[in-house]
Amino acid sequence: MDSNTQEPVISFKDANIINGESTVIYGMNMEVYPGDFVYIVGKVGTGKTSIIRTIIAENKLGKGSANVCGFDITKLTQKQIPMLRRSMGVVFQDFQLLMDRSVEDNLSFVLKATGWKEEDKIAARIKEVLEDVGMEKKAHKMPHQLSGGEQQRIAIARALLNKPKVIIADEPTGNLDSETADGIMHLLSEINKEGTAIVMVTHNKEIFDNYPGRVMVCRDETCAEI
């Protein structure tokens, strides 16, 4: 990947990451380019999720500079936060699907909430992303009728809806057995090969041994690439 010709999708410079009132990481530098696969690893409480929260503008930046998908995180207005989040996909450990509606309605809800109006285009995009994750036959199922791995595939389909520049995944395999986790990692790798950057928090060393990427380690109030 020739970084010189591309703008990073995420860039932190001398950034202090905060959680509540406390600084959990000092002076972090990180650049994520299109097509990168970056792991953020470290023990519990070392600030991994705080980095994710900063990227999606849930946490403010303590010090330094940060740019995410073209947005200056230090100058972000309330009005810009939904626009920032629309330019990325987010996948959580616990899936966060709406349990009172079908898979199709979960995805339709997100598209309508992000400004899609035409029903035929909504239906076509939902069909596309479900095919991308191998779940095209599950559109009419309710989330509780799906296994954990299937629910996570739907969550990844949801993250792909608006063709994001980057997918942020916070322990996406944390609630899955190793075989199912392997399927999810294979899927994320395929999405990554298509050019979507992925930033993934994990504590599972086996995953980043089997699916290589850049690795940033959080420890002793720092986070740096190894």
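At what angle do the axes of helix H3 and helix H5 cross? In this predicted model, where local features need pLDDT of at least 70, side-chain atom pairs count only at pLDDT 80 or more, and totals for chains, interfaces and linings use all residues, let us follow H5 and its two contacts. Residues are numbered from 1 along each chain as its sequence is written, and side-chain values use heavy atoms, with hydrogens and water left out.

Start with H3 (residues 103–113) and H5 (residues 148–160): their axes come within 10 Å and cross at roughly 25 degrees. Helices here are DSSP runs (H or I, at least four residues), numbered from the N terminus, and axes are lines fitted to C-alpha atoms over the stretch in contact, with angles from 0 to 180 degrees between N-to-C directions. H3 and H5 are therefore roughly parallel, a term for angles under 35 degrees. On the H3 side, the contact (heavy atoms within 4.5 Å) is made by Val-103, Leu-107 and Val-110, and on the H5 side by Ile-154, Ala-157 and Arg-158. These residues divide into 5 nonpolar, no polar and 1 charged.

Now turn to H4 (residues 119–132), which packs on H5 at an angle of about 130 degrees, with the axes 9 Å apart. That makes H4 oblique to H5, meaning an angle outside the ranges under 35, 65 to 115 and over 145 degrees. Here Arg-125, Val-129, Leu-130 and Asp-132 of H4 meet Ile-154, Ala-157 and Leu-160 of H5. Ile-154 and Ala-157 of H5 thus take part in the contact with H3 and in the contact with H4.

Technical notes. Helix = DSSP H or I, 4+ residues; strand = E, 2+ residues; numbered from the N terminus. Nonpolar A, V, L, I, M, F, W, Y, C, P; charged D, E, K, R; others polar.
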